[in-house]
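Biologist: Please take one part of this model and look at it closely, starting from a single pair of residues and working outwards through whatever surrounds it. I would like one connected account rather than a list.

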Amino acid sequence: MDDSRLLMARLANVTKAFDLRHTRSIKEYVVWLATGRKGDFSETFNALDDVSFDIHQGESVALLGFNGSGKSTTLKLVSGVLLPDEGSVQVRGRVAGLIEVGAGMHPDLTGRENVYLNAAILGLDEAEVDDRFDSIVEFSGIEKFIDTEVKFYSSGMYMRLAFSIAVHSNPDLFLVDEVLAVGDEPFQRKCIDKMLELRASGQTLMVVSHDLDLIKTVCERGIVLRNGQLLLDADINEAVDYLRALDG
Ligand SMILES: Nc1ncnc2c1ncn2[C@@H]1O[C@H](COP(=O)(O)OP(=O)(O)OP(=O)(O)O)[C@@H](O)[C@H]1O
Ligand SMILES: [Mg+2]
């Protein structure tokens, strides 16, 4: 790897813990309260466990792993939605993308209003959004519904609009989590082409998808996670082969 490239993100020994609740019956809970709360109704587990990696400018990196392995948690840490319990997360510049379908959209606002709201959150001013508005709507393909409240959108329409806003906000680091799965085929194709275009123009991408063929098209490097631990950080073909050989 060419480490002379600008460092865009660095995760150093990152651990993220969540509470795992053991909710039993109400009766058991009442007994637990009445008997002085002995034992615990929750325990913590590490969704990420001592994970370290660097992302350099222009890299397109896939996070790979089975359900619950910590991929989305990693993207949320990079985007700043979550903070690490241990270790550090450093990111250069502006981060945008899709980490959860519907995240950032306000259901009672129209598509048009959400474009302005989201773009502002992503750091664009009103004049910049005015300039890009038509292009955002055109890419999303939901012209007809742009003045409809987004609570009436289908999940694919949500995703189309959110993806379009994110790519047009010109982020330094573009994150995409699985959301492409809800788009129809033509739109998926369009998103893949867009990501390839971003990659060709030197943008930095982090992508999560269970579609390993798509991942191989879009990414050059793969990081394999299992149970919150980083198992492999390698060329994408090697990483995909490694994942396919792992036991669920
Ligand atoms: N806010 C939360 N509270 C409690 N547990 C959480 C929370 N977010 C994630 N987890 C847990 O952390 C683990 C990792 O979750 P994560 O969403 O990062 O997995 P993933 O690799 O994205 O999985 P998938 O492929 O299913 O999307 C899972 O066991 C999940 O239940
Ligand atoms: Mg996930």
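Modeller: In this predicted model, R10 has its bridge partner in β4, namely Q90. That pair belongs to the antiparallel pairing of β1, which covers residues 7-21, with β4, a pairing that runs over five bridges. The two strands are part of an open, antiparallel sheet of three strands, in which the order is β2-β1-β4. At its edges stand β2 (42-56) and β4 (86-91), and because each has a single partner strand, one side of each is left without a neighbour in the sheet. From one strand to the next, the twist in this sheet averages 25 degrees.

Moving outwards from the sheet, one comes to helix α2, made up of residues 71-79, which lies across β1, β2 and β4 and runs at about 125 degrees to β1. The residue K71, at the start of that range, is also among those that surround ligand 1, together with F18, F45, A47, F66, N67, G68, S69, G70, S72, T73 and H210. Three side chains in this group deserve a closer look for their polar atoms. In K71, a polar side-chain atom lies 2.6 Å from an oxygen atom of ligand 1, while for N67 the corresponding distance to an oxygen atom of the ligand is 2.9 Å. In H210, an N or O atom of the side chain is 2.8 Å from an oxygen atom of ligand 1.

Helix α2 also leads to a second sheet, since it lies across β3 (60-64), β5, β6, β7 and β8 (221-226), running at about 150 degrees to β6. Helix α5 packs on this sheet as well, touching β5 and β6, and its direction makes about 160 degrees with that of β5. The sheet is open and has six strands in the order β5-β6-β7-β3-β8-β9, with mixed pairing. Its edge strands, β5 (95-98) and β9 (229-235), each pair on one side only, and neighbouring strands are turned by 20 degrees against each other on average, direction ignored. Within it, β6 (residues 173-177) and β7 (residues 204-208) run parallel and are joined by five bridges, with L173 standing opposite T204.

Helix α5, residues 155-168, contains F163, which is buried, with a relative accessible area of 0%. Leaving aside residues up to four places away in sequence, F163 touches L98, F139, F174, V176, L180, C191, K194 and M195. Its contact C191 is 28 residues away in sequence, yet the two C-alpha atoms are 8.1 Å apart in space. C191 is itself buried, at a relative accessible area of 0%. As for its bonding, the closest cysteine sulfur to that of C191 belongs to C219 and is 14 Å away, which is too far for a bond, given that a disulfide calls for sulfur atoms within 2.5 Å. C219 is accordingly in no disulfide, its nearest cysteine sulfur being that of C191 at 14 Å, and C219 also counts as buried, at 2% relative accessibility. The structure as a whole holds zero disulfides.

How values were computed
Residues numbered from 1 in each chain as written. Chains lettered and ligands numbered in written order. Predicted model: local features only at pLDDT ≥ 70, side-chain atom pairs only at ≥ 80, totals over all residues. Heavy atoms only, no water. Buried < 20%, exposed > 50% of the residue type's maximum accessible area, 1.4 Å probe, protein only. Pairing = 2+ DSSP bridges. Helix = DSSP H or I, 4+ residues; strand = E, 2+ residues; numbered from the N terminus. Axes fitted to C-alpha atoms, helices over the stretch in contact; angles between N-to-C directions. Contact = heavy atoms within 4.5 Å. Near = heavy atom within 4 Å. Polar contact = N/O pair within 3.5 Å; in protein donor to acceptor, adjacent residues only side chain to side chain.
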